[in-house]
Amino acid sequence: MTAHEELRRPRAPLPAWSPEDWRAFPASQQPEWPDPAALERVLDELRDVPPLVFAGEARTLTEELGRVSEGRGFLLQAGDCAESFDAFNANSIRDKLKVILQMSVALTYSSGVPTVKVGRIAGQFAKPRSSATETRAGVELPSYRGDIVNDFAFTAESRRPDPQRLLRGYHQAASTLNLLRAFTKGGFADLSRVHAWNQEFVATSAQGRRYDALAQEIERALRFMSACGIDLRAEHQLHQVDFYTSHEALILGYEEALTREDSLTGEWFDCSAHFLWIGERTRQLDGAHVEFLAGVQNPLGVKLGPTVTPEEVLALCERLNPDRIPGRLTLVSRMGADRVDEALPPLLRAVTLARHPVVWACDPMHGNTFQHASGYKTRHFDDVMRELQGFFDVCGAADVWPGGVHIELTGDDVTECLGGSESIEGDQLERRYETMCDPRLNARQSLDLAFRISELLRR
Ligand code: PEP
Ligand code: CO
């Protein structure tokens with residue numbers, strides 16, 4: 001058989017899989033719903049709602065990530081740690097999109113490779129917790145698990161898991177996605193508007209000025225092409241961008257209810273988002289999350305913390321991508337700045353030797369969280385950069401393409417992470433600390449980060 005024939009060889013029929021199979025496996029991090037019948041009624045309702053994304057879109061993203069796995073692209077996955085029901089409005093969605101578009105321009109312009117843009121958005125509502133309960137002043141209540149499960153306020157009523165929130169999460173995801181589609185396809189993301197993405201509070205900073213200079217160069221290049229007789233109006237890549245959605249697939253009842261069979265191929269897709277990931281706390285090989293996600297054909301991510309072994313990573317690759325489809329699987333290293341140098345190389349070696357065509361991405365956020373003396377949970381920009389530098393170094397040494405980054409950020413002018421060029425100091429954290437969960441980079445820090453990643457990519 002030639003390689004070509006080998007590729008076209010009819011595939012063995014897929015082993016029967018159905019969206020509810022995960023229920024026979026141990027599922028960690030699931031809420032204790034007080035009224036299981038009420039939950040099932042909501043899930044039945046969700047089984048009938050329109051899908052948020054289409055199989056074809058998820059397939060296209062797999063192809064784009066396939067190119068990333070071959071070193072012909074870079075993944076920028078970014079957004080909130082947890083989206084909130086209260087802070088839901090058009091401006092914050094627009095501003096988050098703006099900063100991601102700015103970052104992607106900075107990355108693409110200096111690295112010369114296309115940026116695949118995936119938001120932690122339009123469904124990133126559920127949070128894994130280190131403990132099922134939280135105790136304050138002797139009172140023990142269920143932990144906050146994200147707005148799709150319960151409310152942040154520390155009262156028994158607020159913390160009780162409420163399945164109606166799954167419906168609200170679906171509807172908020174739908175309107176967020178609707179707005180994103182309008183922004184990215186309806187002129188807002190047109191490259192001729194590259195200047196307009198610079199928000200006022202960013203524009204006055206050093207990174208904002210650097211961005212502005214870059215935007216001017218891009219506009220000059222566009223004028224030059226136009227003067228050469230190229231019809232820029234006909235080049236649709238200049239006028240719209242492909243922007244994908246993602247979230248941690250945590251609440252399995254919700255994910256199951258939004259899973260649909262593709263009428264073209266008979267394959268299953270989780271239509272709650274284009275890309276789903278498995279978190280550090282739910283990646284057990286014999287667990288329900290791996291069982292569920294192995295059966296859907298969306299591109300997937302798995303977070304890998306410092307305790308994972310090469311054997312576990314290989315088993316995850318085999319389980320989640322047995323056909324070795326490039327772009328199907330993204331491995332997201334989140335080791336911490338001090339651990340990445342020793343923890344990542346054995347994983348890179350094992351996956352390369354086994355010839356699994358994965359995207360290697362770095363989440364430089366979740367391994368670098370600490371409690372500041374003021375009581376705020378925070379991260380230091382320098383630690384984030386140090387982990388990224390380590391990631392690029394060990395990838396370089398292993399001859400592996402550093403395929404992307406996974407960042408928690410917001411377009412707002414918050415003060416949640418320390419440091420950055422316009423340094424935020426510890427006593428400023430209280431000024432605008434607004435996150436529902438983990439500390440996010442603000443728009444200036446995010447742009448700063450993008451320029452520094454560009455420099456790492458150019459090396
Ligand atoms: C997250 O991405 O918000 C998260 C909880 O990450 P991890 O699973 O890597 O801890
Ligand atoms: Co987080």
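Q: In which strand is the place of G404?
A: This is a predicted model. Buried means under 20% relative accessible area, and G404 counts as buried at 0% relative accessibility. The place of G404 is in strand β14.

Q: What distance separates the C-alpha atoms of G404 and R220?
A: Along the chain, G404 and R220 are 184 residues apart. In space, their C-alpha atoms are separated by 28 Å.

Q: Which residues coordinate the cobalt ion (ligand 2)?
A: The donors follow the spacing C-x284-H-x41-E-x29-D along the chain. That pattern calls for a C, an H, an E and a D. The donor distances run from 2.1 to 2.4 Å. The coordinating residues are C81 (SG), H366 (NE2), E408 (OE) and D438 (OD).

Q: How many residues apart in sequence are the parts that E408 and D438 tie together?
A: E408 lies in strand β14, residues 402–408. D438 lies in the loop between β14 and α14 (443–458). The pair therefore ties together parts whose separation in sequence is 30 residues.

Q: Are E408 and D438 buried or exposed?
A: The cut-off for buried is under 20% relative accessible area, and exposed means over 50%. Both E408 and D438 fall in one class, which is buried.

Q: Which residues are around ligand 1?
A: By class, the shell has 3 nonpolar, 2 polar and 7 charged residues. C81, H366 and E408 are in this shell, and these three also coordinate the cobalt ion. The full list is C81, R120, K127, P128, W277, G279, E280, R281, K303, R334, H366 and E408.

Q: How much of the area that ligand 1 exposes alone does the protein bury?
A: Start with the polar contacts. Oxygen atoms of ligand 1 lie 2.7 Å from an N or O atom in the side chain of K127, 2.9 Å from a backbone N or O atom of E280 and 3.0 Å from a polar side-chain atom of R281. Taken alone, ligand 1 exposes 300 Å², and the share the protein buries is 98%.

Q: What span is expected for helix α4 at 1.5 Å a residue?
A: Helix α4 covers residues 90–111, which is 22 residues. From its first C-alpha to its last, α4 reaches 31 Å. That is close to the expected span of 32 Å.

Q: How many of the 22 residues of α4 are buried?
A: Helix α4 is largely enclosed by the rest of the structure. This follows because the count of its buried residues is 16 of the 22.

Q: Which residue just after α4 takes a positive phi?
A: Look at both ends of the helix. At the start of α4, a side-chain oxygen of N89 reaches to within 3.1 Å of the backbone nitrogen of N91. Just after α4, the phi is about 75 degrees, and the residue is G112.

Q: What is the relative accessible area of R355?
A: Most residues other than glycine have a negative phi. R355 is not a glycine, yet has a positive phi of about 55 degrees. R355 is found in the loop between α12 (340–353) and β11 (359–362). R355 is exposed, with a relative accessible area of 69%.

Q: Where is R324 found?
A: R324 has a positive phi of about 50 degrees although it is not a glycine. R324 is partly exposed, at a relative accessible area of 31%. Its place is the loop between α11 (310–320) and β10 (329–333).

How values were computed. Residues numbered from 1 in each chain as written. Chains lettered and ligands numbered in written order. Predicted model: local features only at pLDDT ≥ 70, side-chain atom pairs only at ≥ 80, totals over all residues. Heavy atoms only, no water. Helix = DSSP H or I, 4+ residues; strand = E, 2+ residues; numbered from the N terminus. Expected span 1.5 Å × (residues − 1). Buried < 20%, exposed > 50% of the residue type's maximum accessible area, 1.4 Å probe, protein only. Polar contact = N/O pair within 3.5 Å; in protein donor to acceptor, adjacent residues only side chain to side chain. Near = heavy atom within 4 Å. Areas by Shrake-Rupley, 256 points an atom, 1.4 Å probe, with all protein chains shown as cover. Nonpolar A, V, L, I, M, F, W, Y, C, P; charged D, E, K, R; others polar. Donors = N, O, S within 2.8 Å, 3.2 Å for Na, K, Ca; no water.
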